[in-house]
Structures are given as C-alpha cells and as structure tokens.
Amino acid sequence: FTPKLLAGQQVLVSAGPTFEAIDPVRGLTNLSSGKMGFAIARAAHEAGAHVTLVAGPVSLPTPRGVGRINVKSALNMQKTLGVLSQNATVFISAAAVADWRPADIAVQKIKKDGSGQVPTLGFVENPDILAGIAQTARAQSRALYCVGFAAESEDLLAHAQAKRVRKGVPLLVGNIGPDTFGQDDNALLLVDEQGSSELPRASKLQLARQLVAEIARRLPNPSPL
Ligand code: C5P
C-alpha cells in the first residue's frame, strides 16, 4: 500500500478569469478557460487531498469530489481565497486575475446618447492575490505552500524566475505557449529556487497529475498519513 501523494493536505486552487464590471451589463475579462486549474483540482483530489476550487466565470463541470465556489471579480476572488487560505496547506494560483479594474462601476447601464461621444474608462490596479496570501501566511508562520503561474510572450524563464521571487512563492509554473488559452494540452516550465525543469507537451490533465507529484515532493512536511 502506497499512501496517496497529497493525503492529509488541504489544497486550495484558483482557476479561470476574473470579470471586472463596467456597468450592470458590461465588463472586462480575459481568455482564460479555467481548464488547467480545473485539471489541477481534479488531480489533487485523485492524489488524496481535500480540495477547494475557487473559480471565476467559466463553463466547466466541477471535478468529482472537489468543493467549488464561484466568484466574479478579482476583489471577490481575493476575499474568498483570503478566508479559505487560512485552513489550506497548499495554494495553487492558476487563475488569470485581471490586472486592472474600472475605477468606478456605473450603477445604471451607460447609455449611448446619440452624439457620437464615447465614454472614458479609468482604471485602478487589482491587488496581487497570490503575493498577499503568501505574505500573510509567512507573517502568521503558517506552512502554506504557494504555487504561481505565469503566461509570458517572451523570455519565459527569466520572467518566471523574477515573478517567483517578487511574489515570494517557492514554485512558479510557466505556460510554454504560444496560445495555451482554451487548448486541451500545454507544456509547463517549473521554476524553483534550485532552477528549472520542463514538463513536455501533454494533456492538461496529464500535466496536472505530474505537477501534483512535483508539488508533493517539494512539501516541507511529509503527509501525516
Ligand atoms: O503578475 P502575473 O499576473 O503575471 O502573475 C501571475 C500569477 O499571479 C498567477 O499565479 C496568478 O494567479 C497570480 N495573480 C494574482 N493576483 C493578481 C495577478 C496575478 O494572484 N492580481
């Protein structure tokens, strides 16, 4: 009998895009399909973890055995993850959080007034959810193993390593593009303090299972089972 790789772990996964409202009927989002994060949640559950998935607006079925909370905006997502991360031992931040949100959300639908004038949108920066959660866990001396993702259009290794340090997380996973959004397969670059390694092109579920194994062997405390 071999114990499952993540037995006894409380795994929190974020997935999908965020949706930043402009007015009651409009908003800004991005092209994240949520597939990678959902595959990770499924793989973590298969590996014996208790898994909670916090999902932005996506049309994907919840993996069997996984708890799911739907959120919309980055601020929504931050609040939900902030609470859930208090009881987590692993946080995998696969969500594509919008970098900015409209500074004001119009209470009523913004109307065309027929004059040809276009509205101007002002933006404010969204909080870095992952960096904040990692920092809070450190400040509270909680053992929370945080994993970030990066999608870059160039120089993935250098950007991923810099991002890992900037966000204060032990493992950063780069999407080896181009165009992984919405696809069923992907390839991943794993960057940690030791250096980098590649998980070659495979289905997102196969990659998720390999990533779970890579995370499991990096965890500081062996599983309690
Ligand atoms: O800085 P960048 O968006 O490239 O970083 C990507 C990583 O950081 C992902 O793990 C993503 O989930 C997380 N992130 C976040 N909050 C943001 C932006 C990104 O948690 N506002």
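# Briefing: a mixed sheet, two packed helices and three loop residues

Asp155 sits in the loop that links strand E9 to helix H4 (156–167). The structure is a predicted model. Its main sheet has 8 strands and is open, and helices H1 and H5 both pack on this sheet. The points below cover the loop residues, the sheet, the helices and a hairpin.

**Loop residues**

- Phi of Asp155 is positive, near 50°, and the residue is not a glycine.
- Most residues other than glycine have a negative phi.
- Asp155 is exposed, because its relative accessible area of 53% lies over the 50% cut-off.
- Ser141 is also a residue other than glycine with a positive phi, about 50°.
- The loop that holds Ser141 runs between helix H3 (129–139) and strand E9 (145–151).
- Ser141 has a relative accessible area of 68% and is therefore exposed, since exposed means over 50%.
- Asp128 belongs to the loop between strand E8 (123–125) and H3.
- With a relative accessibility of 38%, Asp128 counts as partly exposed, because this value falls between the cut-offs of 20% and 50%.
- Asp128 and Lys167 are 39 residues apart along the chain, and their C-alpha atoms are separated by 8.3 Å.

**The sheet**

- The strands of the open sheet follow the order E5-E4-E1-E6-E9-E10-E11-E12, and their pairing is mixed.
- Strand E5 (67–70) and strand E12 (195–203) are at the edges; each has a single partner strand, so one side of each has no neighbour in the sheet.
- On average, neighbouring strands in this sheet are turned by 20° against each other, with direction ignored.
- Strand E4 (residues 50–55) pairs with E5 in the parallel sense, and 4 bridges connect them.
- Within this pair, Thr52 has Gly67 in E5 as its bridge partner.
- In a regular strand, side chains alternate between the two faces of the sheet.

**Helices on the sheet**

- H1 touches strand E1 (10–15), E4, E5, strand E6 (90–93), E9 and strand E11 (185–192).
- The direction of H1 makes about 170° with that of E4, an angle that counts as roughly antiparallel because it is over 145 degrees.
- H5 touches E6, E9, strand E10 (171–175), E11 and E12.
- The direction of H5 makes about 150° with that of E12, which is again over 145 degrees and therefore roughly antiparallel.

**Contact between H1 and H5**

- Helix H1 (residues 35–46) and helix H5 (residues 204–218) have axes that come within 8 Å and cross at roughly 50°.
- The two helices are therefore oblique to each other, because the angle of roughly 50° lies between the 35 degrees for roughly parallel and the 65 degrees for roughly perpendicular.
- The crossing of H1 past H5 is right-handed.
- On the H1 side, the contact residues are Lys35, Met36, Ala39, Ile40, Arg42, Ala43, Ala44 and Glu46.
- On the H5 side, they are Lys204, Leu205, Leu207, Ala208, Arg209, Leu211 and Val212.
- Of the residues in this contact, 10 are nonpolar, 5 are charged and none is polar.

**A hairpin**

- Strand E2 (residues 20–23) and strand E3 (residues 26–28) run antiparallel and are joined by 3 bridges.
- Glu20 has Leu28 in E3 as its bridge partner.
- The hairpin from E2 to E3 passes through 2 residues.

Notes. Residues are numbered from 1 along each chain as its sequence is written. This is a predicted model: local features need pLDDT of at least 70, side-chain atom pairs count only at pLDDT 80 or more; totals for chains, interfaces and linings use all residues. Side-chain values use heavy atoms; hydrogens and water are left out. Axes are lines fitted to C-alpha atoms, for helices over the stretch in contact, and angles run from 0 to 180 degrees between N-to-C directions. Angles under 35 degrees count as roughly parallel, over 145 as roughly antiparallel, 65 to 115 as roughly perpendicular and the rest as oblique. A crossing is left-handed if the near helix is turned anticlockwise from the far one by less than a right angle, and right-handed if clockwise. Contact means heavy atoms within 4.5 Å. Ala, Val, Leu, Ile, Met, Phe, Trp, Tyr, Cys and Pro count as nonpolar, Asp, Glu, Lys and Arg as charged, and the others, Gly among them, as polar. Two strands pair if DSSP finds at least two bridges between them. Buried means under 20% relative accessible area, exposed over 50%, partly exposed in between (1.4 Å probe, protein chains only).
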